[in-house]
Amino acid sequence: MPMTIKAIACFLLTLLVTTHASLTLATARDISASLPEDRRGQVLIYGAYGYTGKGIARLAADYGVTPVLAGRNPDKLRAFAQDVGLPYIPLSLDDHDTLVTVLRHFELVMHIAGPYTFTAKPMLDAVVEAGTHYVDLTGENHVIQAQLERHAEFQQANIMVMPAVGFDVVPTDCLNLYVARKVSNPVELRLLMNNEYTAAEGAQISRGTAKSGLELLSRPLLMRIDGQMIEVDKPKTLTREVNGNTLNYVQIPWADMVTSWVSSGVPTIEVYQQQAGAMPDWVFWLIRREWGKNTLAWLIDQFFPEGPPPEAQEKRQVQLIATATNARGDSATAEMITPEPYLLTFHSALIVARNILNGQWEAGFQTPAKVYGPDLALQIPGVVRRDL
Ligand SMILES: NC(=O)c1ccc[n+]([C@@H]2O[C@H](COP(=O)([O-])OP(=O)(O)OC[C@H]3O[C@@H](n4cnc5c(N)ncnc54)[C@H](OP(=O)(O)O)[C@@H]3O)[C@@H](O)[C@H]2O)c1
């Protein structure tokens, strides 16, 4: 019962803050004069005061990017923008006309506000009209699939839309394409992920990632099999023997099933994460009920830390092992060791942004390894790859 009262109080407070915030959001009429005349080289980071947006904004200068920051909450936005000394525009995704007006002054928007189930479409509708290139960090398969289906529209607008330019999926997409190219006519890609290759205290996921995970897991479980996304009852499991130890892996609905399909054309793609056991059935039962999902999202907001602290970012490493196999049974395997996923994301998103500003882009829906090649991930500090 105390939890319910706290939930209602929290909801009312959120409503008050949002109502207040909307009073000071930019409108189409008052904004144009203060924005850059020439859009070339101009980057807008939307969702800039979230955990990942902050990390990208702080690192932007290292990649020659001087962004304008944007987000829906004027107070949070102003506080962060003043802290880093960057210009800012409070902006709601619900105000299409103002979004378009603002985006017309930018060459690229880095869309860092999620869950993308709710945020991707309004931004995409606006970039199509404004003619602004778009990158995001979604790992939600249904969102990426919806973007893929708008490929012709993005081509027509002469913009590049490249989702998932973070840990999910830059290194995996690159490693998948790398092994796929070593085998003639590959029919299967299998990627194994060990998030605790080098463990670090406090290396948890951010609130935004946890809530985006709820959106993914609340939907039917789809896996890439023979060129189709097919609904399955349960994720598969497998084991590996390494130095006398048995390692357990569980299949996960990683975005590679859409993005690496586009990058490599390999028809069956399986991604597994090393973990002690599969998620219990009751978790799926809970997430698939609207009230259960909302309760979990509320708990995430209350009790999850913002994201991994700098010490964990510096220490943690992830191991990826990808294998491509063809119908004859020929295969190629390679390993990639990456830095901590959020730290990697700050760099990979900015590397892609810099490429776009340098004129390296292709119109339409695109994936990182398809446009920039399998060595793109090697530009990220701390990433190494070797053949096995
Ligand atoms: N692909 C990858 O490897 C990768 C890596 C990092 C992050 N991500 C994804 O990036 C997203 C952001 O992550 P995060 O760590 O920064 O999470 P976060 O700290 O929770 O920040 C989320 C940001 O999104 C904003 N937002 C949420 N819903 C919005 C809406 N309807 N309209 C406008 N703004 C909205 C939030 O603003 P308010 O505070 O006002 O709600 C906040 O600025 C998540 O979807 C996460 O999964 C992916």
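A residue counts as near a molecule if its C-beta atom, placed from the backbone, lies within 6 Å of that molecule. With this definition in hand, the surroundings of the ligand in this predicted model can be described. The ligand has 33 residues around it, and those that come nearest are Gly50, Gly114, Gly166, Ser206 and Gly208. Four helices each give two or more residues to this shell: H3 (51–59), H6 (116–130), H10 and H15 (341–357). Among these contributions, the largest share is that of H10, which supplies four residues. Sorted by class, the shell around the ligand holds 16 polar residues, 13 nonpolar residues and four charged residues.

The position of the ligand is best understood from the division of the protein into domains. Domain 1 covers residues 15–162, while domain 2 is made up of two stretches, 170–341 and 369–387. Because domain 1 and domain 2 both give residues to the shell around the ligand, the shell lies between them.

The two domains may next be considered in relation to each other. The C-alpha centres of domain 1 and domain 2 lie 27 Å apart. Their contact takes 16 residues from domain 2 and 14 residues from domain 1. On the side of domain 1 that touches domain 2, the elements giving two or more residues are H3, H6 and helix H7 (141–148). Of these, H7 gives the most, with five residues. The residues on this side of domain 1 comprise eight polar, five nonpolar and one charged.

Helix H10, already met beside the ligand, also packs against another helix. H10 spans residues 207–217 and H13 spans residues 290–303; their axes come within 10 Å and cross at roughly 170 degrees. An angle over 145 degrees counts as roughly antiparallel, and therefore H10 is roughly antiparallel to H13. In this contact, H10 contributes Arg207, Ala210, Lys211 and Leu214, which meet Lys293, Leu296, Ala297, Ile300 and Asp301 of H13. The contact of H10 with H13 contains five nonpolar and four charged residues, but no polar ones.

A further helix, H11, illustrates how an element can be covered by the rest of the protein. H11 runs from residue 256 to residue 264, and eight of its nine residues are buried. The buried residues of H11 are Asp256, Met257, Val258, Thr259, Ser260, Trp261, Ser263 and Ser264. Just after H11, glycine 265 adopts a positive phi of about 75 degrees.

Note on methods: Residues numbered from 1 in each chain as written. Predicted model: local features only at pLDDT ≥ 70, side-chain atom pairs only at ≥ 80, totals over all residues. Buried ≥ 20, exposed ≤ 12 C-beta atoms within 10 Å, placed from the backbone. Axes fitted to C-alpha atoms, helices over the stretch in contact; angles between N-to-C directions. Parallel < 35°, antiparallel > 145°, perpendicular 65-115°, else oblique. Contact = placed C-beta atoms within 7 Å. Nonpolar A, V, L, I, M, F, W, Y, C, P; charged D, E, K, R; others polar. Domains from an automatic or database assignment.
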